[in-house]
Structure formats: C-alpha cells, structure tokens
Amino acid sequence: SSDKDSTTTKTDTGKAAAYLSQPLVSHIYTADPSAHVFNNRIYIYPSHDTATGIPEDDLGSHFDMKDFHILSMDSVGGKVTDHGVALSVKDIPWAGRQLWAPDAAFANNTYYLYFPVKDKQDIFHIGVATSSKPEGPFTPAKEPIKGSYSIDPCVFKDDDGKFYMYFGGIWGGQLQRWNNNKYDSTKGNRQPEEAAILPRVAKLTADMTSYDGPVKELLLTDEKGTPYKEKDNSKRFFEAAWMHKYNGKYYFSYSTGDTHNICYAIGDNPYGPFRYQGVILNPVEGWTSHHSIVEKDGKWYLFYHDVQLSGKTYLRNVKATELHYNADGTIQTITARK
Ligand code: FUB
C-alpha cells in the first residue's frame, strides 16, 4: 500500500516491555540497523526495503533499495521518529542501483553517512555523504571513496579518536571478486576447501572521506587460532561487519550468511587477529541477518532485523533487544524467533 512506502515523517509509540523484539516501525520496511548514540539519543541508520518487483536470486537483486530513512529515539522502548528521506540513490552522481546497508559517524562537527551502492557498471563501492544533523538530509560526495569496494561499511571510533571502516560481503556483495584490492569479474565463490574470504578494514583520514593507506584483510580464526576454510560456513565471514569495544577488548561481529548466524570474535587491536567466541544471535525469520551493538545509559542493546511484518526476505523490519555479557566478557546468545 502507499502507506508502506510513505516518505513522510511518522512516529510509532509503544510500551517498553512489549516493545522489545517488536518492529521499531511498521509504516515502512527497514533492515540492517546501524545504531549510534549522538547527543544522548539513539539514531538508527537502516536500509529501506521496498517491493520493486525484481525477482529473487542468489545475488540479492531483489534488495533493490532506493533511499534511506533515519530513525531515532531517546531510549529503547520509547517513541521512534522516522525523519523521512535522508538520501536518495537518484541524488548520488556515481550510483547505479541497490542502496544497501549504511553506517554513520560524527567528527569535525559533521555527521557522515557511509553507504554501499552499485556504480553504473554494476560494481559495488562505498560512498560518503555529509550533514550538519544526525538525521540528515545528507549531501553525497561526487565519487565513491577511492579504493573502496563491496558492501556493508561499519565505521568504528576507537578511544584514541581514530576511525576505522570495516566492510565486505560475499556472493551478491562481490567481495569474492576482489583480491589484493584488485577487481576480477571472473572470480566466483570459493570452493569448500579454499581459504575463506576475509572482511576488510581501512583507517579513515582525518577528513573522514578517504582511506588512510591500503585496505587490509582482517584475520578471523576459530577458537584455536586456525583460519577458516570456505566450508566452515557456520563461522566464517559472509557480511554485516560490526565493531564495538567492551572492557578494552575489540569485538568484531558479523553474519555467516548462508548459515544465518550473527557471530563474534575478540581481538586486542582494531586490525586483529580476531578469535571466534560464539553466536550472538541465532537465525531469525528471513534469509539475511544484520545487526549492530550499542551502549546507552549503562545497558547494551542488539539492533537486528527479521521479516515478522511481511514474511518476505526482502521486506524486513528492524528490532532491538537487550544484550548481556557474562563475567568473562563473553556475550549471552540471543534467540529472537517468535
Ligand atoms: O540489505 C541488503 C543486504 O542484505 C545487506 O547489505 C546485507 O548485510 C544483507 O542484510
């Protein structure tokens, strides 16, 4: 209905207890929630799912998103505001199609929105857009970030004020086509015995719009320190990178894609290596799983999505629930199925 595709500002309300694990908004479909606390308020940077009639395939062509809406709320369980269209694919000079999972950061008195989109040759790159307000509207740079590729940027601010971008996604996210930061359109998915493809990391320059040096691979290993093979698909990286810090340790979390887990691994510095610790979120309804983790007022929250409202994998709805650590710093696994 036209209501589902509304681009106007709307609000949803709900009572705190019942609200947890219910869709944060239901007047539009939203996914891939990257949550941040700016000015003591929670801002969520999600994908905006719509039904455009593109048939489903293994490359995710049915995820045919055209703009972003930013959501905000004072607290999890409180009133959620949809700030309307913050950036449209038609306003990004280099963009072709498929505006996928974004993230945001604040520095230099400016809010930066980072987004993956295919260029006019159908190759994913990551772009940046700026605004004076966390909810936008955002003005995109004329070119993608030089040296960027693939999807799902996560921009992490370390305690020393340096920012790092983690990114990448295999299959439809095209990471398998990039080796040593060079593109080869003939490279397909890896075979079961081959080394698993690794996520990427790049430090950002002080102006937040470029990479400060070459993109590096982020080494992920199993509990024993052994790097993964492609066949280790219940634990190896697929997409949805997120980084957060807890008690001085770096927690890198991600989706395993075709096995639908959100896993995490711990490291001692932003470049890793990262050793597997377990599952944060068991498979949800729908094929994709994509999350973020944020602290607000001393509590930790997991933002994630499922397809409760539509039952369709490409029409998702974002949710939030509390996340709990054990005394040893491990995270308690969340099962969010209805
Ligand atoms: O929303 C499109 C894609 O689906 C995202 O980029 C992936 O992380 C998956 O959630």
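**The ligand site and two open sheets**

The ligand sits in the second largest pocket. A pocket here is an open set of points on a 1 Å grid over the protein atoms alone, with protein on both sides within 12 Å along at least five of seven lines, and a 1.4 Å probe fits at its points. A molecule sits in one if more than half of its atoms lie within 2 Å of its grid points. This is a predicted model, in which local features need pLDDT of at least 70 and side-chain atom pairs pLDDT 80 or more, while totals for chains, interfaces and linings use all residues. Residues are numbered from 1 along each chain as its sequence is written, and side-chain values use heavy atoms, without hydrogens and water.

Start with the shell. The residues around the ligand, those with a heavy atom within 4 Å of it, include Trp 100, Ala 101, His 290 and His 305. By class, the shell has four nonpolar, four polar and four charged residues. Here Asp, Glu, Lys and Arg count as charged; Ala, Val, Leu, Ile, Met, Phe, Trp, Tyr, Cys and Pro as nonpolar; the others, Gly among them, as polar.

Now the polar contacts (pairs of N or O atoms within 3.5 Å). A polar side-chain atom of Asp 32 lies 2.5 Å from a ligand oxygen. For the side chain of Asp 152, the distance from an N or O atom to a ligand oxygen is also 2.5 Å. For the side chain of Arg 316 it is 2.7 Å. Taken alone, the ligand exposes 280 Å², and the protein buries 99% of that. These areas come from the Shrake-Rupley method with a 1.4 Å probe.

Turn to the strands, which are DSSP runs of E with at least two residues, numbered from the N terminus. Two of them pair if DSSP finds at least two bridges between them.

One open sheet runs E6-E7-E8-E9, with antiparallel pairing. Its edges are E6 (103-107) and E9 (139-140), each paired on one side only. E7 (110-118) and E8 (124-131) share eight bridges. Lys 118 has Phe 124 in E8 as its bridge partner. Asn 108 lies in the loop between E6 and E7. Its phi is positive, about 55°, although Asn 108 is not a glycine. Pro 137 is in the loop between E8 and E9. A cis peptide bond joins it to Gly 136, with omega about 5°.

A second open sheet has the order E10-E11-E14-E15, again antiparallel. E10 (154-157) and E15 (216-217) are its edge strands. E14 (200-203) pairs with E15 over two bridges. Arg 200 is bridged to Glu 217 in E15.

Notes:
A polar contact is a pair of N or O atoms within 3.5 Å; within protein, one must be able to donate a hydrogen and the other to accept it, and residues adjacent in sequence count only if both atoms are side-chain atoms. On a 1 Å grid over the protein atoms alone, a cavity is a set of points where a 1.4 Å probe fits but cannot get out, and a pocket is an open set with protein on both sides within 12 Å along at least five of seven lines; lining residues have an atom within 4 Å of a point. Helices (H or I, at least four residues) and strands (E, at least two) are DSSP runs, numbered from the N terminus.
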